[in-house]
Amino acid sequence: MKQLAQRIGWTAIGLVGALSLPALANDSTGWVSTGGVQYLKNQDIRMVSEDLYISLDKVRVQYEFANDSTQAVHETILFPLPAMRLGVDGDFADIDGLHNSFKIWVNGQPIAPKKNLRVLWDKKDITGAVRRECRLSDAEIIEPFSNERGEDFLNNRVEPCLKALAQRGAIHYPNNPSDDQPRLWDAQMVYSWQQTFPAKQSIRVQHEYTPLVGGSAYLPRSVDDGLNDLKRDYCMDRTFMRKLGNRLTSYSALGYILTTGANWAKPIERFHLTVEKPADALLSMCWDASLKKVSDTRFEATKTNFTPKNDLEILFAHPYQN
């Protein structure tokens, strides 16, 4: 049986290469959606407003929350980052860029959230088992996704860890993993902080980060190449396709988890969306007629009493210049 490092070697190299290149590399790069703060429903806390700005370089969200009760409410706010996954079809987006750029302000004052690393296997949380049985640090748990420690670490620490977990029934790990589909855990960072909502008052929360952006040097133009999937996911209509014409086109894509805005006590009273596109790009996304073009590069939409039922998937097509 080939060793684990040999089985994942080309994928790890692909990851490093993708992180060092622009979003539009020679091959496709994967991406995973990010979103806003999450909160368990409390009938006293409502979201007064949400102002969401999305571009290829930045996601910025400004919230106003109000506590309608006569007592202060103390709750934990969560911001989960996407799970980092390694495999032949893994996501090669710049997770490190997202981690390093993530910032939070409450009423204009920066705060330092707690970092909580979760280890997932088939969506099951095995964090405790990995720490007990494998005695791996946070940096070592994330190691397979950066490949900084090399093959010896993967062969001598990671694979024995997986086998030990399988022997104890924590996971199912085959004796002879497939060479073309190596199995590793998913690692997810969840930011959290304790928040006080004063009685009969509002607070403002803002966070921003560099989004995870993927894409490809080639936008499919045939059904066999996956055009129908892109049309469905990004609502690429006839007008969009007509503007593309027959020009060779690359594309960038990113997602935003908007449906967490439905976790609060009431609908979002005022919601404002801004999408900024590169000057040379064409935009396609699924939204209704409230999305208006307000400049050559900016689109905006406003809604009241808004309960989001779908997440955002945004595509920017970049026609090559003749």
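Let me start with the disulfides, of which this structure holds 2, and I should say at once that we are looking at a predicted model, so that every value I quote is computed from it.

If we number the bonded cysteines of the chain in sequence order, the pairing reads 1-2, 3-4, and I will take the two links in that order.

In the first link, Cys 134 and Cys 161 are joined, with their sulfur atoms 1.9 Å apart. This pair connects distant parts of the chain, since Cys 134 sits in helix α3, which covers residues 127-134, while Cys 161 belongs to helix α5, covering residues 151-167, and the two cysteines are 27 residues apart. As for the geometry, the link of Cys 134 and Cys 161 is right-handed, with 80 degrees about the S-S bond.

Are these two cysteines buried or exposed? Cys 134 has a relative accessible area of 10% and therefore counts as buried, the cut-off being under 20%; Cys 161, with a relative accessible area of 3%, is buried as well.

Let me turn to the other link, in which a disulfide joins Cys 235 to Cys 286, with an S to S distance of 2.0 Å. Where in the chain do Cys 235 and Cys 286 lie? Cys 235 is found in the loop between α6 (227-234) and α7 (238-244), and Cys 286 in the loop between β14 (282-285) and β15 (292-293), so this disulfide ties together parts of the chain that are 51 residues apart in sequence. The link of Cys 235 and Cys 286 is right-handed, with 100 degrees about the S-S bond.

On accessibility, Cys 235 counts as partly exposed because its relative accessibility is 35%, which falls between the 20% and 50% limits. Cys 286 is likewise partly exposed, in its case with a relative accessible area of 30%.

To place these links in the chain as a whole, I would add that the chain has 7 helices and 17 strands, and that 49% of its 322 residues count as buried. When we consider the contacts in the chain with a separation of 6 or more, residues 24 or more positions apart account for 80% of them. Finally, the accessible surface of the chain comes to about 16400 Å², and carbon and sulfur atoms contribute 46% of that surface.

Notes. Residues numbered from 1 in each chain as written. Predicted model: local features only at pLDDT ≥ 70, side-chain atom pairs only at ≥ 80, totals over all residues. Heavy atoms only, no water. Disulfide = S-S within 2.5 Å. Helix = DSSP H or I, 4+ residues; strand = E, 2+ residues; numbered from the N terminus. Buried < 20%, exposed > 50% of the residue type's maximum accessible area, 1.4 Å probe, protein only. Contact = heavy atoms within 4.5 Å. Areas by Shrake-Rupley, 256 points an atom, 1.4 Å probe, with all protein chains shown as cover.
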